[in-house]
Amino acid sequence: MYFPSWLSQLCRGLSRPIGRTTQPTWGSFSRSLALSSQRRIPEFSSFIARTNTCGELRSSHLGQEVTLCGWIQYRRQNIFLVLRDFHGLVQVVIPQDESAASVKKILCEAPLESVVQVSGTVISRPPGQENPKMPTGEIEIKVKTAELLNSCKRLPFEIKDFVKKTEALRLQYRYLDLRSFQMQYNLRLRSQVVMKMREYLCNLHGFVDIETPTLFKRTPGGAKEFLVPSREPGKFYSLPQSPQQFKQLLMVGGLDRYFQVARCYRDEGSRPDRQPEFTQIDIEMSFVDQTGIRSLIEGLLQYSWPSDKNPLVVPFPSMTFAEALATYGTDKPDTRFGMKIVDISNAFRNTEVRFLQDALSKPQGTVKAMCVREGAEVLPVFLKAKENWNSPVAKFILEKQRLELIRLMEIQEDDVVLLTAGEHKKACSLLGKLRLACADLLEMKGMVLRDPAQFSFLWVVDFPLFLPKEENPMELESAHHPFTAPHPGDIHLLYTEPEKVRSQHYDLVLNGTEIGGGSIRIHDAELQHYILATLLKEDVKLLSHLLQALDYGAPPHGGIALGLDRLMCLVTGAPSIRDVIAFPKSFRGHDLMSNAPDSVPPQELKPYHIQVSWPADSEAERAH
């Protein structure tokens, strides 16, 4: 019996690389469907017509009469077909007797991907025809009756993982794309992880699962929000970018421990790791500090971590924001590989290189370098360790400085040194971007730097509380959000040098991607009012309800939100978060399946007292 290569890979019990990680096989997928080894296997065939799923039948079922429902995956010579459902595949023998002509007609004439129901007996495959690559490879179904439940028209693409399809086509026919093994695996694993998180939070640690409103009001600062018109002239709801205010108010209300699988909305351009609507695991606790939140999240992830991945080791390492920037050039470093940034300013205090002199003479001026191991074959420029450091800069570097650089950076032959000079943050950020670009180049040449099976978690702490506004550097904006509490050791600086204040904000980073962020909150109304009105110059009337609540005995509290889409994207090795969401938006924020957003007739806008102001070019198009 011949199987297409993709089917062989799924059923072989081996792993197939997709994206950046190794994927489970169909066999391991079906085995992992139970939530834990202590719980009984779910009844997948309860309440419906089938007796079994296609993927569960084994030699232990020999002689049993079964009814199966599924899609025709493959058919050969009108002798047998492969029936598929979410659980797996099974071979069905098409009867050849004249007495079963009607059954044969149904099964032979139905197009591939048609939905059928078959009933028959589980029998052994003939000796020598067993297929060890299939979990059901020892048996087959001898069909007695068959019913065509729905015929399938010609498909826009084949339902096979190895068949290349554009993302636009996949999104346009998402309901077909969902039939693929990879999408089935991603969404079912996501469901399992969320269920385990509920168990851990609610059953083991007393959290209360509470839904918060979707229709809210505009929030000062932060990301752009979607507006929803109301029937009151000039008044709009906003879709919340997070349940931040509500979860703080729940702490004021004495709920103590809140949790929600929360839908959030941001009116921003889509990126590979961002959607206009997304899901986060939202958490808030009373009477907690940073250590408590971090321990909770480490336990939560360890408890809900998929069994087919390497187990997590806790506690996760931590690093301050300043350390992350100075060492990796970013606040979300990928710590699976080295290539760290080194400050070499002292080695060049007496340099004759003009641009280095200029940089070191300025405030916050610095010289930074990064060593790319074995990078000479990939990066043809900069400072090469072999030969005579063949770079335009090298001839200006004194022998003493060269030896000091070799010592500081542990440079070896065939290494490449990247050097930059300038203001500290800008120099570090530049080398941080080059670090990732070099890793990409080296991996394209076959070097393994970022182990796809390794999950490197990192806490980043002690962020600045404020940042200068890009459009007006003399004014401040919140680095996290305006409800984040200042670091206890820096509160005195709030009134003299607020730009130097650290916050009680913490981020969780996984393999160079931020997957969670939170903080200890301000629970003092006076302090919250000062930060909003005086430092951030926000209209406090928009937050009068929160300020009032803080004045009525608000407990100390803090929380965090984990980005579920990003987390599952990394766990499954998917190239985009769109591959772990059932019905995502496109890169431009459109639903290609239903063509949303769509136009609305003017008469439907009248109750909301709004009208569309068309751009000039659109007006010309409409006129034609």
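Hi everyone, this is a short walk through the sheets, a barrel and some helix packing in one structure.

Before we start, please keep in mind that this is a predicted model, where local features need pLDDT of at least 70, side-chain atom pairs count only at pLDDT 80 or more, and totals for chains, interfaces and linings use all residues. Residues are numbered from 1 along each chain as its sequence is written, and side-chain values use heavy atoms, with hydrogens and water left out.

A quick word on names: helices (H or I, at least four residues) and strands (E, at least two) are DSSP runs, numbered from the N terminus.

Let's begin with the barrel. Five strands close up in the order E3-E4-E5-E7-E6, and their pairing is mixed; two strands count as paired if DSSP finds at least two bridges between them. From one strand to the next, the twist averages 55°. Strand E3 (residues 65-76) and strand E6 (residues 115-124) run antiparallel and are joined by seven bridges. If you want a spot to click on, Val66 has Gly120 in E6 as its bridge partner. Helix H3 (residues 101-109) lies across E3, strand E4 (80-85), E6 and strand E7 (139-150), at about 75° to E7. For angles like this one, axes are lines fitted to C-alpha atoms, for helices over the stretch in contact, and angles run from 0 to 180 degrees between N-to-C directions.

Now to the open sheet. Its eight strands come in the order E8-E11-E12-E23-E22-E21-E18-E13, again with mixed pairing. At the edges sit strand E8 (208-209) and strand E13 (318-320), each pairing on one side only. Inside that order, strand E21 (residues 505-510) runs antiparallel to strand E22 (residues 513-520), with six bridges between them. Leu510 faces Thr513 of E22 there.

Which strands does H6 touch when it packs on this sheet? They are E8, strand E11 (257-265) and strand E12 (277-286), and the direction of H6 makes about 150° with that of E11. Contact here means heavy atoms within 4.5 Å. H9 packs on the sheet too, touching E13 and strand E18 (457-461), with its direction at about 90° to that of E13.

Both helices have helix partners as well. Helix H6 (residues 181-205) packs against helix H8 (residues 290-304) at about 130°, with the axes 8 Å apart. That angle makes H6 oblique to H8; under 35 degrees counts as roughly parallel, over 145 as roughly antiparallel, 65 to 115 as roughly perpendicular, and the rest as oblique. On the H6 side, the contact residues include Val193, Met197 and Leu204, and on the H8 side they include Leu296, Leu300 and Tyr303.

Helix H9 (residues 321-328) and helix H12 (residues 424-444) cross at roughly 60°, their axes coming within 7 Å. H9 is therefore oblique to H12. Leu325, Ala326 and Tyr328 of H9 make this contact with His424, Lys425, Cys428, Gly432 and Arg435 of H12.

One last stop: strand E15 (residues 365-372). Is E15 buried or exposed? Eight of its eight residues are buried, meaning under 20% relative accessible area, while exposed is over 50% and partly exposed lies in between (1.4 Å probe, protein chains only). Gly365, Val367, Ala369 and Cys371 are covered on one side, and Thr366, Lys368, Met370 and Val372 on the other. E15 pairs antiparallel with strand E14 (residues 341-343) over three bridges, where Ile341 stands opposite Met370. Strand E17 (residues 416-423) is also antiparallel to E15, through eight bridges, and there Lys368 faces Thr420.

Thanks for listening!
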